[in-house]
Amino acid sequence: MLAGGAPAAALLGLLGLLVGSFLNVVIHRLPRMMEARWAADCAELHSAEAAPAPAPAPSTEPYNLMVPRSRCPHCGHCIRWFENIPVLSYLALGAKCSQCKSPIGFRYPAIELISAALFAWCGWYWGASWSALAWCGFSAAVLALAFIDWDTTLLPDDITLPLVWAGLCGAALGLTGIPLASALWGAVTGYLSLWLVYWGFKLLTGKEGMGYGDFKLFAAFGAWFGWQALLPVILMASVLGAVVGIGIKLLGRLREGGYVPFGPFLALAGLTTMVLGPSAMLAAVGL
């Protein structure tokens with residue numbers, strides 16, 4: 001560990017609170033931005049194939065990760081800056097909108113606190129270093145992917161693909177502690193292994209057991225941890241997914257279609273591997 005573990009943990013923990021607040025925006029808006037792009041592409045394709053007809057006018061109001069400003073989903077109240085301070089505003093407002101008094105879900109401060117904890121751990125373990133910042137970026141991306149997939153069963157390419165490349169670049173620059181060859185083969189093995197499982201399951205059952213986003217997320221873990229860590233990661237994710245899936249089924253809380261997204265369990269296994277280290281995960285399964 002480099003010098004400055006405790007100060008770096010405090011500073012990065014504070015940064016994690018701020019990043020966690022932004023992740024709440026990403027988790028909420030990115031799927032909607034993707035849906036808007038798909039709708040625009042479909043409308044363009046339909047207008048090109050069908051008889052000439054006026055296409056629907058695109059919305060003039062920009063909608064992205066920066067604008068418009070966040071609003072209460074119940075009354076439309078524009079959230080002011082002092083109502084958007086991570087965790088503190090939630091407590092000061094009594095977990096209610098200042099305007100309509102509708103409850104604010106605990107998930108918002110929870111994501112901020114989880115992000116802060118992960119960033120603080122990176123600062124504590126790697127100290128004041130570029131490696132710490134690299135793993136903070138990894139934590140933020142995986143955390144956002146976990147919640148997006150849980151909400152929508154989507155793992156956006158906008159996050160998974162940059163995460164793969166970041167892992168390979170981090171290995172090349174010596175930021176992750178993983179040899180570049182191991183990271184490269186980790187990405188290849190991670191993608192192809194789940195791709196083969198997907199097609200095997202589909203040929204046997206005629207159903208799709210997972211999405212392509214899972215392949216890309218697993219490839220990203222291979223790039224960040226090396227190919228050797230993939231087996232314990234997938235074993236942990238599978239056990240977690242099975243336990244939670246059975247529990248949800250017994251409680252009668254399965255979603256329509258009876259599916260449970262796999263991405264959140266992959267994400268939890270990946271974050272656990274980051275905290276414990278690939279060597280500890282390998283030892284846990286006797287490798």
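## Exercises on helices, core and surface

Leaving aside residues up to four places away in sequence, Trp195 touches Tyr212 and Phe215, where a contact means heavy atoms within 4.5 Å. The structure is a predicted model, in which local features need pLDDT of at least 70 and side-chain atom pairs count only at pLDDT 80 or more, while totals for chains, interfaces and linings use all residues. Residues are numbered from 1 along each chain as its sequence is written, and side-chain values use heavy atoms, with hydrogens and water left out.

**Exercise 1. Place Trp195 in the structure, and state whether Trp195 is buried, partly exposed or exposed.**

Step 1: Start with the secondary structure, in which helices (DSSP runs of H or I with at least four residues) and strands (runs of E with at least two) are numbered from the N terminus. Trp195 is found in helix 6.

Step 2: Turn to the relative accessible area, for which buried means under 20%, exposed means over 50% and partly exposed lies in between, with a 1.4 Å probe and protein chains only. Trp195 has a value of 31%, so Trp195 counts as partly exposed.

Step 3: Look along the chain to Lys216, which is 21 residues from Trp195, and find that the two C-alpha atoms are separated by 9.5 Å.

**Exercise 2. Describe the nonpolar surface patch to which Trp195 belongs, and find which helix gives the most to this patch.**

Step 1: Recall how patches are built: their residues have over 30% relative accessible area and no salt bridge, with like charges joined within 9 Å and nonpolar side chains (Val, Leu, Ile, Met, Phe, Trp, Tyr) within 5 Å.

Step 2: List the members, which are Leu184, Trp185, Val188, Leu192, Trp195, Leu196, Trp199, Leu203, Tyr212 and Trp227, and which together have about 1000 Å² of accessible area, computed by the Shrake-Rupley method with a 1.4 Å probe, where for residues only the protein chains shown count as cover.

Step 3: Assign the patch to its main element, which is helix 6 with eight residues. Leu184 lies in this helix, and Leu184 is partly exposed at a relative accessible area of 43%.

**Exercise 3. Identify the largest nonpolar core, and name the helix that gives the most to this core.**

Step 1: Apply the rule that a nonpolar core is a set of buried Ala, Val, Leu, Ile, Met, Phe, Trp, Tyr and Cys residues joined through side-chain atoms within 4.5 Å. The largest such core has 59 residues, and those with the most contacts inside it are Phe138, Leu163, Phe221 and Leu266.

Step 2: Collect the elements that give two or more residues to this core, among them helix 1 (5-49), helix 3 (107-126), helix 5 (157-172) and helix 9 (263-276). The most comes from helix 4, with 14 residues.

Step 3: Examine one central member, Phe138, whose contacts beyond four places in sequence are Leu163, Phe221, Trp224, Phe225, Gly270, Leu271 and Met274.

**Exercise 4. Explain why Cys78 has no disulfide partner, and compare the exposure of Cys78 with that of Cys97.**

Step 1: Use the cut-off that a disulfide is a pair of cysteine sulfur atoms within 2.5 Å. A search of the whole structure finds zero disulfides.

Step 2: Check the distance for Cys78, whose closest cysteine sulfur, in Cys75, is 11 Å away and therefore too far for a bond. Cys97 is also in no disulfide, and for this residue the nearest cysteine sulfur, that of Cys72, is 3.8 Å away.

Step 3: Set the exposures side by side: Cys78 is partly exposed at 21% relative accessible area, whereas Cys97 is buried at 7%.

**Exercise 5. State how many salt bridges the structure holds, and work through the pairs of Asp151 and Asp157.**

Step 1: Apply the test of a side-chain nitrogen of Lys or Arg within 4 Å of a carboxyl oxygen of Asp or Glu. The structure holds five salt bridges.

Step 2: Asp151 pairs with Arg107, their closest N and O atoms being 2.7 Å apart. The pair links distant parts of the chain, with Asp151 in helix 4 and Arg107 in helix 3, 44 residues apart. Asp151 is partly exposed at 38%, and Arg107 is partly exposed at 34%.

Step 3: Asp157 meets Lys216 in a salt bridge of 2.7 Å, N to O. This pair joins helix 5, which holds Asp157, to helix 7, which holds Lys216, across 59 residues. Asp157 is partly exposed at 35%, but Lys216 is buried at 16%.
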